[in-house]
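Me: I'd like to go through this model label by label and ask what each one rests on. Here it is.

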Amino acid sequence: MLSETKKIWMDGTFVDWADANIHILTHTLHYGTGAFEGIRCYKTKKGPAIFRLREHVDRLFDSCHILKMKPPFSAKEMEKAIIETVRVNSMEECYIRPLVYIGYGAMGLFPKGNPIKVAIAVWPWGAYLGEEGIRNGIRVKVSSFTRLHINVTMTKSKTCGDYVNSTLAKSEAVACGYDEALILDTSGFVSEGTGQNVFIVRDGMLITPPLPAVLEGITRRSIIEMAAKEKIRVSERNFTRDEVYIADEAFFTGTAAEVTPIREVDNRAVGDGKPGPVTRKLQNLFFRIVKGEAAAYKSWLAHV
Ligand code: PPE
(Lines give C-alpha, C1' and ligand atoms only; values in the text may rest on other atoms or scores of the structure.)
Protein backbone atom coordinates (compact mmCIF):
# COMPACT_ATOMS: atom_id res chain seq x y z
CA MET A 1 0.00 0.00 0.00
CA LEU A 2 0.94 3.59 -0.68
CA SER A 3 2.20 5.56 2.33
CA GLU A 4 0.21 8.74 2.53
CA THR A 5 1.92 12.11 2.85
CA LYS A 6 0.40 15.42 3.92
CA LYS A 7 -0.25 17.60 0.90
CA ILE A 8 -0.77 17.29 -2.85
CA TRP A 9 -0.23 20.26 -5.16
CA MET A 10 -3.25 20.75 -7.44
CA ASP A 11 -3.32 23.57 -9.98
CA GLY A 12 -1.24 25.93 -7.86
CA THR A 13 -2.52 25.20 -4.37
CA PHE A 14 -1.81 22.57 -1.75
CA VAL A 15 -4.70 20.36 -0.72
CA ASP A 16 -4.80 17.70 1.98
CA TRP A 17 -3.95 14.21 0.73
CA ALA A 18 -7.46 12.94 1.52
CA ASP A 19 -9.11 15.78 -0.41
CA ALA A 20 -7.11 15.43 -3.65
CA ASN A 21 -10.15 14.32 -5.68
CA ILE A 22 -11.40 14.87 -9.22
CA HIS A 23 -14.78 14.57 -10.98
CA ILE A 24 -15.69 11.14 -12.39
CA LEU A 25 -16.17 12.70 -15.86
CA THR A 26 -12.57 13.93 -15.97
CA HIS A 27 -11.64 13.48 -19.64
CA THR A 28 -8.28 11.73 -19.05
CA LEU A 29 -9.92 9.10 -16.84
CA HIS A 30 -12.00 7.95 -19.82
CA TYR A 31 -9.64 8.33 -22.76
CA GLY A 32 -6.11 8.28 -21.31
CA THR A 33 -4.84 11.51 -22.87
CA GLY A 34 -2.63 12.75 -20.09
CA ALA A 35 1.07 12.82 -19.33
CA PHE A 36 3.00 12.03 -16.21
CA GLU A 37 6.51 11.95 -14.84
CA GLY A 38 8.29 9.85 -12.28
CA ILE A 39 11.09 11.60 -10.42
CA ARG A 40 13.09 10.64 -7.35
CA CYS A 41 14.38 12.75 -4.52
CA TYR A 42 17.23 11.30 -2.46
CA LYS A 43 18.64 12.01 0.97
CA THR A 44 22.08 13.60 0.72
CA LYS A 45 24.45 15.13 3.28
CA LYS A 46 23.19 18.54 2.16
CA GLY A 47 19.51 17.63 2.56
CA PRO A 48 17.06 16.22 0.02
CA ALA A 49 18.09 16.45 -3.64
CA ILE A 50 16.01 15.79 -6.77
CA PHE A 51 17.71 13.78 -9.50
CA ARG A 52 17.72 15.47 -12.93
CA LEU A 53 14.70 17.65 -12.19
CA ARG A 54 15.15 19.88 -15.24
CA GLU A 55 15.26 16.88 -17.60
CA HIS A 56 12.09 15.40 -16.12
CA VAL A 57 10.19 18.68 -16.37
CA ASP A 58 11.40 19.12 -19.96
CA ARG A 59 10.16 15.65 -20.84
CA LEU A 60 6.79 16.41 -19.22
CA PHE A 61 6.45 19.49 -21.42
CA ASP A 62 7.53 17.50 -24.48
CA SER A 63 4.84 14.92 -23.69
CA CYS A 64 2.26 17.71 -23.38
CA HIS A 65 3.39 19.23 -26.67
CA ILE A 66 3.01 15.88 -28.44
CA LEU A 67 -0.46 15.40 -26.92
CA LYS A 68 -1.46 19.02 -27.67
CA MET A 69 -2.13 19.83 -24.03
CA LYS A 70 -0.92 23.25 -22.88
CA PRO A 71 -0.24 23.27 -19.13
CA PRO A 72 -1.28 26.56 -17.52
CA PHE A 73 2.15 26.74 -15.81
CA SER A 74 5.64 27.31 -17.18
CA ALA A 75 8.44 24.76 -16.83
CA LYS A 76 10.11 27.03 -14.27
CA GLU A 77 6.89 27.23 -12.26
CA MET A 78 6.59 23.43 -12.37
CA GLU A 79 10.16 22.99 -11.14
CA LYS A 80 9.46 25.34 -8.24
CA ALA A 81 6.15 23.60 -7.45
CA ILE A 82 7.88 20.19 -7.39
CA ILE A 83 10.55 21.42 -4.98
CA GLU A 84 7.85 23.07 -2.84
CA THR A 85 5.83 19.84 -2.71
CA VAL A 86 8.83 17.91 -1.40
CA ARG A 87 9.48 20.65 1.15
CA VAL A 88 5.87 21.03 2.36
CA ASN A 89 5.70 17.28 2.97
CA SER A 90 9.02 17.33 4.88
CA MET A 91 10.32 14.48 2.73
CA GLU A 92 13.96 13.46 3.07
CA GLU A 93 13.62 10.94 0.28
CA CYS A 94 10.62 10.27 -1.96
CA TYR A 95 9.14 9.50 -5.35
CA ILE A 96 7.54 12.46 -7.15
CA ARG A 97 4.60 12.08 -9.51
CA PRO A 98 3.62 15.13 -11.61
CA LEU A 99 0.53 14.57 -13.75
CA VAL A 100 -0.96 16.77 -16.47
CA TYR A 101 -4.48 15.79 -17.42
CA ILE A 102 -7.57 17.01 -19.24
CA GLY A 103 -10.24 17.99 -16.78
CA TYR A 104 -14.01 17.97 -16.62
CA GLY A 105 -15.91 19.73 -19.41
CA ALA A 106 -17.00 18.25 -22.70
CA MET A 107 -17.21 14.49 -23.14
CA GLY A 108 -16.40 12.76 -26.42
CA LEU A 109 -12.94 12.35 -27.85
CA PHE A 110 -12.35 15.95 -28.80
CA PRO A 111 -11.87 17.81 -25.51
CA LYS A 112 -12.55 21.26 -26.89
CA GLY A 113 -12.18 23.85 -24.15
CA ASN A 114 -11.72 21.40 -21.28
CA PRO A 115 -9.25 22.75 -18.71
CA ILE A 116 -5.72 21.32 -18.56
CA LYS A 117 -5.09 20.37 -14.95
CA VAL A 118 -1.83 19.70 -13.15
CA ALA A 119 -1.07 17.80 -9.95
CA ILE A 120 2.07 16.84 -8.05
CA ALA A 121 2.12 14.12 -5.41
CA VAL A 122 5.03 12.72 -3.42
CA TRP A 123 5.33 9.57 -1.35
CA PRO A 124 8.03 7.35 0.09
CA TRP A 125 8.85 4.57 -2.36
CA GLY A 126 11.52 1.96 -1.65
CA ALA A 127 13.16 -0.34 -4.19
CA TYR A 128 10.58 -0.79 -6.98
CA LEU A 129 11.61 -4.38 -7.71
CA GLY A 130 12.60 -5.12 -4.10
CA GLU A 131 15.83 -4.71 -2.12
CA GLU A 132 16.60 -8.32 -2.94
CA GLY A 133 16.22 -7.47 -6.64
CA ILE A 134 18.63 -4.54 -6.37
CA ARG A 135 21.16 -6.76 -4.59
CA ASN A 136 20.90 -10.08 -6.40
CA GLY A 137 18.88 -9.43 -9.54
CA ILE A 138 15.39 -10.25 -10.75
CA ARG A 139 13.70 -12.92 -12.88
CA VAL A 140 12.20 -11.69 -16.13
CA LYS A 141 9.91 -13.16 -18.78
CA VAL A 142 9.57 -12.03 -22.38
CA SER A 143 6.01 -10.74 -22.66
CA SER A 144 3.33 -12.11 -24.96
CA PHE A 145 2.28 -8.47 -25.42
CA THR A 146 4.09 -6.40 -28.07
CA ARG A 147 5.39 -2.89 -27.39
CA LEU A 148 3.67 0.15 -28.83
CA HIS A 149 4.21 0.72 -32.52
CA ILE A 150 5.78 4.12 -33.19
CA ASN A 151 2.84 5.21 -35.32
CA VAL A 152 0.10 3.82 -33.10
CA THR A 153 0.95 5.77 -29.97
CA MET A 154 3.63 8.38 -29.55
CA THR A 155 6.61 6.72 -27.92
CA LYS A 156 8.37 10.00 -27.05
CA SER A 157 5.51 10.95 -24.77
CA LYS A 158 4.95 9.49 -21.33
CA THR A 159 1.24 9.19 -22.03
CA CYS A 160 -1.09 7.83 -19.34
CA GLY A 161 -3.04 5.62 -21.77
CA ASP A 162 0.10 3.97 -23.13
CA TYR A 163 0.58 2.30 -19.79
CA VAL A 164 -2.23 -0.15 -20.49
CA ASN A 165 0.35 -2.02 -22.59
CA SER A 166 2.70 -2.00 -19.60
CA THR A 167 0.11 -3.06 -17.03
CA LEU A 168 -0.98 -5.99 -19.23
CA ALA A 169 2.62 -7.13 -19.60
CA LYS A 170 3.39 -6.63 -15.92
CA SER A 171 0.38 -8.54 -14.62
CA GLU A 172 1.08 -11.40 -17.03
CA ALA A 173 4.69 -11.63 -15.83
CA VAL A 174 3.67 -11.57 -12.16
CA ALA A 175 0.89 -14.14 -12.73
CA CYS A 176 3.51 -16.43 -14.30
CA GLY A 177 5.75 -16.06 -11.25
CA TYR A 178 8.31 -13.58 -12.59
CA ASP A 179 9.33 -10.18 -11.25
CA GLU A 180 9.11 -8.19 -14.47
CA ALA A 181 8.37 -8.39 -18.20
CA LEU A 182 10.69 -7.73 -21.11
CA ILE A 183 8.68 -6.45 -24.07
CA LEU A 184 9.54 -6.98 -27.75
CA ASP A 185 8.76 -4.34 -30.37
CA THR A 186 6.63 -4.86 -33.48
CA SER A 187 9.71 -6.11 -35.39
CA GLY A 188 10.47 -8.66 -32.71
CA PHE A 189 13.46 -6.86 -31.20
CA VAL A 190 13.84 -6.25 -27.49
CA SER A 191 12.41 -2.84 -26.55
CA GLU A 192 12.10 -2.25 -22.81
CA GLY A 193 10.52 -3.33 -19.54
CA THR A 194 7.06 -2.22 -18.41
CA GLY A 195 8.56 0.89 -16.80
CA GLN A 196 12.30 0.50 -17.42
CA ASN A 197 14.87 0.67 -20.19
CA VAL A 198 17.06 -2.37 -20.64
CA PHE A 199 20.81 -2.86 -21.09
CA ILE A 200 22.87 -5.96 -21.78
CA VAL A 201 26.63 -6.43 -21.52
CA ARG A 202 28.63 -8.55 -23.97
CA ASP A 203 32.42 -8.73 -23.91
CA GLY A 204 32.56 -5.58 -21.80
CA MET A 205 30.37 -3.60 -24.23
CA LEU A 206 27.15 -2.04 -22.97
CA ILE A 207 24.27 -2.49 -25.44
CA THR A 208 20.83 -0.88 -25.29
CA PRO A 209 18.00 -0.67 -27.85
CA PRO A 210 17.95 2.54 -29.93
CA LEU A 211 15.37 5.19 -29.07
CA PRO A 212 12.61 4.87 -31.67
CA ALA A 213 10.45 2.28 -29.92
CA VAL A 214 11.37 2.99 -26.29
CA LEU A 215 10.85 5.82 -23.85
CA GLU A 216 13.79 8.25 -23.75
CA GLY A 217 14.69 7.23 -20.24
CA ILE A 218 16.54 9.79 -18.18
CA THR A 219 18.24 7.03 -16.20
CA ARG A 220 19.12 5.39 -19.54
CA ARG A 221 20.78 8.60 -20.72
CA SER A 222 22.53 9.00 -17.36
CA ILE A 223 23.94 5.45 -17.57
CA ILE A 224 25.23 6.12 -21.12
CA GLU A 225 26.93 9.33 -19.94
CA MET A 226 28.40 7.57 -16.90
CA ALA A 227 29.66 4.68 -19.04
CA ALA A 228 31.45 7.13 -21.36
CA LYS A 229 33.27 8.66 -18.39
CA GLU A 230 34.14 5.20 -17.08
CA LYS A 231 35.53 4.24 -20.50
CA ILE A 232 32.92 1.53 -20.98
CA ARG A 233 31.98 1.18 -24.66
CA VAL A 234 28.29 1.69 -25.45
CA SER A 235 26.31 0.60 -28.48
CA GLU A 236 22.72 1.65 -29.17
CA ARG A 237 21.46 -1.10 -31.44
CA ASN A 238 18.70 -3.63 -31.74
CA PHE A 239 19.06 -7.10 -30.28
CA THR A 240 16.92 -10.19 -29.99
CA ARG A 241 15.60 -12.04 -26.97
CA ASP A 242 18.16 -14.80 -27.40
CA GLU A 243 20.98 -12.27 -27.35
CA VAL A 244 19.79 -11.49 -23.81
CA TYR A 245 19.94 -15.24 -23.02
CA ILE A 246 23.61 -15.35 -24.03
CA ALA A 247 24.61 -11.93 -22.66
CA ASP A 248 27.19 -11.76 -19.87
CA GLU A 249 25.02 -9.36 -17.89
CA ALA A 250 21.70 -7.53 -18.15
CA PHE A 251 20.00 -4.83 -16.13
CA PHE A 252 17.00 -2.50 -16.11
CA THR A 253 17.13 1.26 -15.54
CA GLY A 254 14.37 3.65 -14.54
CA THR A 255 13.49 6.27 -11.98
CA ALA A 256 11.38 3.84 -9.99
CA ALA A 257 13.53 0.74 -10.73
CA GLU A 258 16.85 2.64 -10.43
CA VAL A 259 19.51 0.14 -11.61
CA THR A 260 18.14 -3.39 -11.14
CA PRO A 261 20.21 -6.38 -12.29
CA ILE A 262 18.45 -9.10 -14.30
CA ARG A 263 19.63 -12.55 -13.25
CA GLU A 264 17.33 -14.69 -15.36
CA VAL A 265 15.28 -14.36 -18.56
CA ASP A 266 12.76 -17.02 -19.68
CA ASN A 267 14.21 -19.49 -17.15
CA ARG A 268 17.73 -19.09 -18.50
CA ALA A 269 20.45 -17.63 -16.28
CA VAL A 270 22.01 -14.46 -17.66
CA GLY A 271 25.78 -14.94 -17.34
CA ASP A 272 26.38 -16.82 -14.12
CA GLY A 273 22.99 -15.78 -12.76
CA LYS A 274 24.41 -13.04 -10.54
CA PRO A 275 24.85 -9.29 -11.09
CA GLY A 276 28.04 -8.91 -13.13
CA PRO A 277 30.97 -6.50 -12.74
CA VAL A 278 29.82 -3.84 -15.24
CA THR A 279 26.31 -3.80 -13.73
CA ARG A 280 27.75 -3.55 -10.22
CA LYS A 281 30.12 -0.77 -11.17
CA LEU A 282 27.40 1.36 -12.80
CA GLN A 283 24.88 0.55 -10.08
CA ASN A 284 27.32 1.61 -7.33
CA LEU A 285 28.21 4.79 -9.17
CA PHE A 286 24.50 5.54 -9.74
CA PHE A 287 23.70 5.28 -6.03
CA ARG A 288 26.74 7.42 -5.14
CA ILE A 289 25.61 10.08 -7.63
CA VAL A 290 22.00 10.27 -6.41
CA LYS A 291 23.18 10.46 -2.80
CA GLY A 292 25.42 13.40 -3.67
CA GLU A 293 28.65 11.46 -3.12
CA ALA A 294 30.11 11.90 -6.62
CA ALA A 295 31.39 15.45 -7.08
CA ALA A 296 31.68 15.14 -10.87
CA TYR A 297 27.89 14.72 -11.15
CA LYS A 298 26.79 17.49 -8.78
CA SER A 299 24.97 19.27 -11.60
CA TRP A 300 22.48 16.36 -11.84
CA LEU A 301 21.01 17.20 -8.43
CA ALA A 302 18.57 19.98 -7.52
CA HIS A 303 18.74 20.57 -3.77
CA VAL A 304 15.43 21.20 -2.02
N1 PPE B 1 10.42 2.99 -20.11
C2 PPE B 1 9.17 3.13 -19.62
C3 PPE B 1 8.04 2.54 -20.38
C4 PPE B 1 8.97 3.83 -18.43
O5 PPE B 1 7.73 3.98 -17.96
C6 PPE B 1 10.07 4.36 -17.72
C7 PPE B 1 9.87 5.08 -16.42
C8 PPE B 1 11.36 4.19 -18.28
C9 PPE B 1 11.49 3.50 -19.47
C10 PPE B 1 12.59 4.76 -17.63
O11 PPE B 1 12.60 6.16 -17.75
P12 PPE B 1 13.34 7.08 -16.67
O13 PPE B 1 12.55 6.99 -15.41
O14 PPE B 1 13.30 8.43 -17.27
O15 PPE B 1 14.72 6.54 -16.52
N16 PPE B 1 8.78 4.60 -15.63
C17 PPE B 1 8.27 5.38 -14.51
C18 PPE B 1 6.95 4.82 -13.99
C19 PPE B 1 6.99 3.59 -13.14
C20 PPE B 1 5.67 3.30 -12.43
O21 PPE B 1 5.45 2.15 -12.05
O22 PPE B 1 4.86 4.22 -12.22
C23 PPE B 1 9.31 5.54 -13.43
O24 PPE B 1 10.27 4.78 -13.36
O25 PPE B 1 9.15 6.46 -12.63
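Reply: A definition to begin with: helices here are DSSP runs of H or I with at least four residues, numbered from the N terminus. Glu-77 lies in one of them, helix H3, which covers residues 75-88. Keep in mind that this is a predicted model.

Me: What makes Glu-77 buried, exposed or something in between?

Reply: Its relative accessible area is 42%. Buried needs under 20% and exposed needs over 50%, so a value in between is called partly exposed. That's the label Glu-77 gets. As for its place in the fold, the C-alpha atoms of Glu-77 and Gly-12 are separated by 9.3 Å, with their positions 65 residues apart along the chain.

Me: Why is the pair Arg-147 and Glu-192 called a salt bridge?

Reply: The test is a side-chain nitrogen of Lys or Arg within 4 Å of a carboxyl oxygen of Asp or Glu. Arg-147 and Glu-192 come in at 2.8 Å, N to O, so the pair passes by that cut-off. Arg-147 sits in the loop between strand S8 (138-146) and helix H5 (163-175), while Glu-192 belongs to strand S10 (residues 190-193), so the bridge ties together parts 45 residues apart in sequence. Both residues are buried.

Me: How do you know that Lys-170 and Glu-180 pair up too?

Reply: Their side chains meet at 2.7 Å, N to O, and the limit is 4 Å, so they count as a salt bridge. Lys-170 is in helix H5 and Glu-180 in strand S9 (residues 180-184), so this pair links parts 10 residues apart in sequence. The two ends get unlike labels: Lys-170 has a relative accessible area of 23% and is partly exposed, whereas Glu-180, at 0%, is buried.

Me: And what makes Arg-241 and Asp-266 a salt bridge?

Reply: The N to O distance is 2.9 Å, so it is within the 4 Å allowed. Arg-241 lies in helix H7 (residues 241-245) and Asp-266 in the loop between strand S15 (258-265) and strand S16 (268-269), so parts 25 residues apart in sequence are tied together. Arg-241 is partly exposed at 34%, and Asp-266 is buried at 10%. Elsewhere, salt bridges with shared partners join Arg-52, Glu-55 and Glu-225 into one network. By this rule the count comes to 18 salt bridges.

Me: Which residues are closest to the ligand, and how many surround it?

Reply: There are 21 residues around the ligand, the closest being Tyr-95, Tyr-128, Tyr-163, Thr-219 and Thr-255. Strand S6 (94-102), helix H6 (218-229) and strand S14 (249-254) each supply at least two residues of that shell. By class, the shell has six nonpolar, 10 polar and five charged residues.

Me: What distances put polar atoms of the protein and the ligand together?

Reply: A polar side-chain atom of Tyr-163 is 2.5 Å from a ligand oxygen. A ligand nitrogen lies 2.6 Å from an N or O atom in the side chain of Glu-192, the residue that also bridges to Arg-147. The backbone joins in as well: a polar backbone atom of Ile-218 is 2.7 Å from a ligand oxygen. Taken on its own, the ligand has 550 Å² of accessible area, and the protein covers 93% of that.

Me: Why is Ser-157 called buried?

Reply: Its relative accessibility is 4%, and anything under 20% is buried, so the label follows. Ser-157 lies in the loop between S8 and H5. A polar contact of 2.7 Å joins its side chain to that of Thr-159. Leaving out residues up to four places away in sequence, Ser-157 touches Ser-63, Ile-66, Leu-67, Asp-162 and Leu-215.

Me: What makes Ile-232 buried or exposed?

Reply: Ile-232 has 12% relative accessibility and counts as buried. The residue is in the loop between H6 and strand S13 (234-236). Its contacts beyond four places in sequence include Gly-204, Leu-206 and Val-278. Asp-19 is far off on both counts: 213 residues away in sequence and 49 Å in space, C-alpha to C-alpha.

How values were computed. Residues are numbered from 1 along each chain as its sequence is written. This is a predicted model: local features need pLDDT of at least 70, side-chain atom pairs count only at pLDDT 80 or more; totals for chains, interfaces and linings use all residues. Side-chain values use heavy atoms; hydrogens and water are left out. Buried means under 20% relative accessible area, exposed over 50%, partly exposed in between (1.4 Å probe, protein chains only). A residue is near a molecule or strand if one of its heavy atoms lies within 4 Å of it. A polar contact is a pair of N or O atoms within 3.5 Å; within protein, one must be able to donate a hydrogen and the other to accept it, and residues adjacent in sequence count only if both atoms are side-chain atoms. Accessible areas come from the Shrake-Rupley method with a 1.4 Å probe; for residues, only the protein chains shown count as cover. Ala, Val, Leu, Ile, Met, Phe, Trp, Tyr, Cys and Pro count as nonpolar, Asp, Glu, Lys and Arg as charged, and the others, Gly among them, as polar. Contact means heavy atoms within 4.5 Å.
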